[in-house]
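Student: I have a model open and would like to check the reasoning behind its labels. Could we go through them together?

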Amino acid sequence: MASNTNRKVQRLEETKDSRPYARAKYLRISPYKIRTVLALIRGKSVEEAEAILTYCNKGGSLEVKKVLQSACANAEHNKNMDRTDLYVAECFADAGPELKRIQPVSKGRAHAILKRTCHVTVILAAKGM
């Protein structure tokens with residue numbers, strides 16, 4: 001029994017991604033809006049991505065910038081990586097839970113309003129990898 005568990009733990013450690021990342025969960029913005037911002041920085045160096053996000057006037061650029069800076073800090077502190085060698089390897093926004101609200105309309109009816117949330121993940125990698 002224990003040997004099977006040990007093999008499972010080893011298999012999980014082998015497949016585990018060792019790249020630095022950061023994740024922001026339950027952001028109160030639609031994932032559709034965040035994905036347009038993430039498309040701007042995908043594959044760019046960290047300095048270039050921060051510059052793009054600083055001057056981007058789209059909604060969610062501030063939240064994405066915070067996640068990018070957190071991923072950079074994780075790379076420097078936890079993995080001892082140099083900030084100048086990092087680039088955005090992957091970034092994606094998954095849908096979170098939806099807050100369900102109603103809009104009253106005529107004749108006692110109600111229309112549903114879905115206030116969407118999202119989970120943003122930014123994964124960095126070194127240029128030499």
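Tutor: Gladly! Just after α2, G43 takes a positive phi of about 85°. Keep in mind that this is a predicted model.

Student: What makes us say that the buried residues of α2 lie on the same side?

Tutor: In α2, which spans residues 31-41, the buried residues are P31, I34, V37, L38 and I41. They cover an arc of only 120° around the axis, so they sit on the same side of α2. The face turned away from that buried side carries the exposed residues Y32 and K33.

Student: What do the buried residues of α2 pack against?

Tutor: Their partners are α3 (46-55), α4, β2 and β5.

Student: Now to K65. How do you know that K65 has no salt bridge?

Tutor: A salt bridge needs a side-chain nitrogen of Lys or Arg within 4 Å of a carboxyl oxygen of Asp or Glu. For K65, the nearest side chain of opposite charge is E50, at 5.8 Å. That is beyond the cut-off, therefore K65 is without a salt bridge, although it is buried.

Student: Where does K65 lie, and what is it in contact with?

Tutor: K65 is part of helix α4. Setting aside its neighbours within four places in sequence, K65 is in contact with E50, L53 and T54.

Student: Let's turn to the sheet. Why are β1 and β2 called edge strands?

Tutor: The sheet is open, with 3 strands in the order β1-β5-β2 and antiparallel pairing. β1 (21-27) and β2 (86-95) each pair on one side only, and that makes them the edge strands. From one strand to the next, the twist averages 15°.

Student: What packs on this sheet?

Tutor: Helix α4 (residues 61-78) does, touching β1, β2 and β5. The direction of α4 makes about 145° with that of β1.

Student: How do you know that β2 and β5 are paired?

Tutor: Two strands pair if there are at least two bridges between them. β2 and β5 (residues 118-126) are joined by 9 bridges, so they meet that criterion, and they run antiparallel. Within this pairing, V88 stands opposite L124 in β5.

Student: And what makes β3 and β4 a pair?

Tutor: The same rule of at least two bridges applies. β3 (residues 99-104) and β4 (residues 110-115) share 6 bridges, so they count as paired, in the antiparallel sense. P104 has A110 in β4 as its bridge partner.

Student: Which residue in that hairpin takes a positive phi?

Tutor: K107 does, with a phi near 60°, in the hairpin that has 5 residues between β3 and β4.

Notes:
Residues numbered from 1 in each chain as written. Predicted model: local features only at pLDDT ≥ 70, side-chain atom pairs only at ≥ 80, totals over all residues. Heavy atoms only, no water. Helix = DSSP H or I, 4+ residues; strand = E, 2+ residues; numbered from the N terminus. Axes fitted to C-alpha atoms, helices over the stretch in contact; angles between N-to-C directions. Contact = heavy atoms within 4.5 Å. Buried < 20%, exposed > 50% of the residue type's maximum accessible area, 1.4 Å probe, protein only. Lys, Arg positive; Asp, Glu negative; His and termini not counted. Arc of directions from axis to C-beta.
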